[in-house]
Amino acid sequence: MKSREYQQIDPKALPTPTQSPPSHQHQAVGDDGRTPRRKWEVFPGKNRFFCDGRIMMARQSGVFPLTLGLILVTSGLFFIFDCPFLVKHLTSCIPAIGGVLFVFVLITLLQTSFTDPGILPRATPEEAADIERQIDDTGNASYRPPPRTKEVLINQQVIKLKYCFTCKMFRPPRTSHCSLCDNCVERFDHHCPWVGNCVGKRNYRFFYTFIVSLSFLTAFIFGCVTTHLALRAKGGKGLMFALQESPGSAVELAICFFSVWSILGLSGFHTYLVASNLTTNEDIKGSWSGKSGEAVTNPYSHKNIFINCCSVLCVPMPPSLIDRRGFLPADEPAQTSGVDLELPNPSTKSDINVCVQGPKGLLESAALTPLLATSCPQGKPQTALPCPENTSALNSDPSLELSQRCGGTHHNSKTYGSTSPPLPTKGRLQKHKRASSHTPRSTFDDHVSPSSHDGNHRSTDRGHRGAKFATLQ
Amino acid sequence: MAETHSLQDLQQPAVSSKVFVQRDYSSGTICKFQTKFPSELESRMDKQQFEETMQSLNNLYAEAEKLGGKSYLEGCLACLTAYTIFLCMETHYEKVLKKIAKYIKDQNEKIYAPRGLLLTDPIERGLRVVEITIFEDRSIGSGR
């Protein structure tokens with residue numbers, strides 16, 4: 001180390017990233033020239049923010065209003081039509097249990113929908129330039145750019161980390177870029193249109209609790225309604241009489257009958273995922289099922305069901321990495337990253353030039369970002385196999401079913417082929433009957449995953465198509 | 001011979017470059033940073049000092065994410081209350097993050113600022129990198 005005299009830098013005088021830069025720099029102002037702008041206002045992903053950044057959802061709310069509506073309507077009808085009768089003839093515990101379950105379901109649904117799923121903020125320009133430089137250094141001198149993957153060894157398994165062209169960083173393991181929300185999400189499970197948000201590391205436990213409590217609620221209401229109608233129809237009066245007396249029960253019966261199977265199946269499936277420390281994304285892609293012939297096991301599993309469950313559901317709640325409510329500094333234009341605080345840097349201009357104007361980088365991002373951003377082309381949706389969940393590039397068929405039932409109201413212009421056929425759907429419509437014939441996925445055996453490992457998805461005899469799994473990678 | 005600097009130069013040293021220490025995924029998805037000493041810092045500080053800082057940071061993050069008896073209890077209680085306790089109390093992770101922020105501030109004051117360096121808290125960068133800003137050498141009267 002050279003012996004040089006360094007001027008002692010007073011840390012307090014330094015414009016640290018944690019505070020606003022001193023003296024002449026003010027906070028970024030909003031339109032009225034007075035209110036400082038918050039970071040959520042310049043967030044680059046496709047999300048919607050409410051309550052000044054406290055609540056966030058995907059831009060497309062999907063069928064979230066329908067989910068909420070169905071739960072409220074069914075529970076409302078239950079309390080109005082069935083509870084008085086059952087309290088009189090059975091026990092007053094029934095509305096109490098129903099009430100607790102209903103509140104549980106509602107709270108967990110709102111938490112799943114409104115929580116940041118684990119979005120990774122995009123890399124700052126300097127970071128992106130640094131990574132580009134590293135990639136270029138290690139690449140060869142040939143015309144073709146080097147592949148943007150990095151390999152790491154986790155638990156004696158080689159895991160490939162892919163470079164995300166939108167977020168300009170190497171994705172951590174188990175992270176996937178959701179093309180609907182245009183964000184990289186940690187421990188990406190799937191994008192759920194029913195809750196109008198991605199399901200990832202931070203809100204998976206809410207989602208799991210939601211579907212488990214919803215299965216209890218649906219089964220409970222179904223049981224109570226059946227008991228109610230049976231009691232009314234006693235004495236030879238018949239079911240039609242009972243239904244006439246309590247019309248609300250008919251509606252509840254229909255809704256619950258069609259949804260209880262799919263929700264129970266979904267809960268069972270996710271219980272299996274939790275116990276094996278898998279994500280829906282990995283399960284669908286068959287990342288650890290060893291189909292490519294190598295002996296691959298899930299490197300993230302603790303090989304113990306109890307520890308796996310705890311590591312998914314009981315691990316300390318990670319913080320939100322996107323600082324939604326922080327203020328932007330005044331000299332910060334609305335960059336693509338939007339969350340960093342950078343000093344004006346004449347000496348790093350060359351780095352920024354490499355990042356922005358480097359021909360290779362530009363060409364690649366121009367070629368590949370549209371592929372990622374627009375996700376799957378509009379394929380003809382699969383009608384025969386509705387699916388309950390999405391992976392990032394696919395929309396589930398409930399949108400299709402809705403449109404078929406309601407006559408062409410597409411909530412989303414991008415509809416794709418379904419993902420995994422053995423999964424019973426969450427759809428509460430009549431098409432569900434076909435799905436209920438499928439075996440629920442709650443078994444622990446190695447199922448036949450319809451997807452392939454590589455980016456080119458080949459349709460199986462179940463007729464999957466349009467699934468551009470490349471966008472998941 | 002003393003060089004003359006403007007007052008602004010003295011108070012706001014120019015940034016000469018930034019070094020990014022990436023994440024180390026060899027132990028899985030837990031938050032851990034590489035402890036390899038970057039070559040750009042060779043002229044500025046001790047390798048051992050740097051590795052010690054990184055190791056302490058890694059230990060702190062491991063503590064934040066640790067699966068222990070306390071976190072099980074917290075998780076079970078949270079589940080029973082439909083996770084509403086997260087709205088009221090500070091989570092274990094957040095508590096450790098505050099500790100980390102304090103540690104970084106401490107390290108900056110004691111070790112890095114005297115050497116013309118600045119550590120940025122990784123949480124400001126989405127836990128992707130540890131950003132080390134290298135300021136220009138502003139030695140006064142060095143006469144070199």
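**Salt bridges in the predicted model**

Because B:Asp106 and B:Lys110 sit four residues apart in helix α5 (residues 92-112) of chain B, about one helical turn separates them. The two side chains form a salt bridge, with the closest N and O atoms 3.0 Å apart. As for the solvent, B:Asp106 has 31% relative accessibility, so it counts as partly exposed. B:Lys110, at 57% relative accessibility, counts as exposed. All of this is read from a predicted model, not from an experimental structure.

Away from that helical pair, chain B holds another salt bridge, between B:Glu131 and B:Arg125, with an N to O distance of 2.6 Å. Here both partners, B:Glu131 and B:Arg125, are buried. The pair also belongs to a network: salt bridges with shared partners tie B:Lys18, B:Arg125 and B:Glu131 together. As a general point, side chains of opposite charge can pair when their charged atoms come close.

Now for the chain that carries these pairs. Chain B is built from five helices and three strands, and along the sequence they come in the order α-β-α-α-α-α-β-β. Of the 144 residues in chain B, 48% are buried. Counting contacts in chain B with a separation of 6 or more, 59% are between residues 24 or more positions apart. The accessible surface of chain B amounts to about 7100 Å², and carbon and sulfur atoms account for 53% of that surface.

Chain A offers a salt bridge of its own, between A:Asp182 and A:Arg122, where the closest N and O atoms lie 3.1 Å apart. This one links distant parts of the chain, as the two residues are 60 residues apart. A:Asp182 lies in the loop between β7 (176-178) and β8 (183-185) of chain A, while A:Arg122 lies in the loop between β3 (119-120) and α3 (125-138) of chain A. Loop positions or not, A:Asp182 and A:Arg122 are both buried.

Taking the whole structure together, the search turns up 13 salt bridges over all chains. Those described here include the helical pair B:Asp106 and B:Lys110, the buried pair B:Glu131 and B:Arg125, and the loop-to-loop pair A:Asp182 and A:Arg122.

How values were computed: Residues numbered from 1 in each chain as written. Chains lettered and ligands numbered in written order. Predicted model: local features only at pLDDT ≥ 70, side-chain atom pairs only at ≥ 80, totals over all residues. Heavy atoms only, no water. Salt bridge = Lys/Arg side-chain N within 4 Å of Asp/Glu carboxyl O. Buried < 20%, exposed > 50% of the residue type's maximum accessible area, 1.4 Å probe, protein only. Contact = heavy atoms within 4.5 Å. Areas by Shrake-Rupley, 256 points an atom, 1.4 Å probe, with all protein chains shown as cover.
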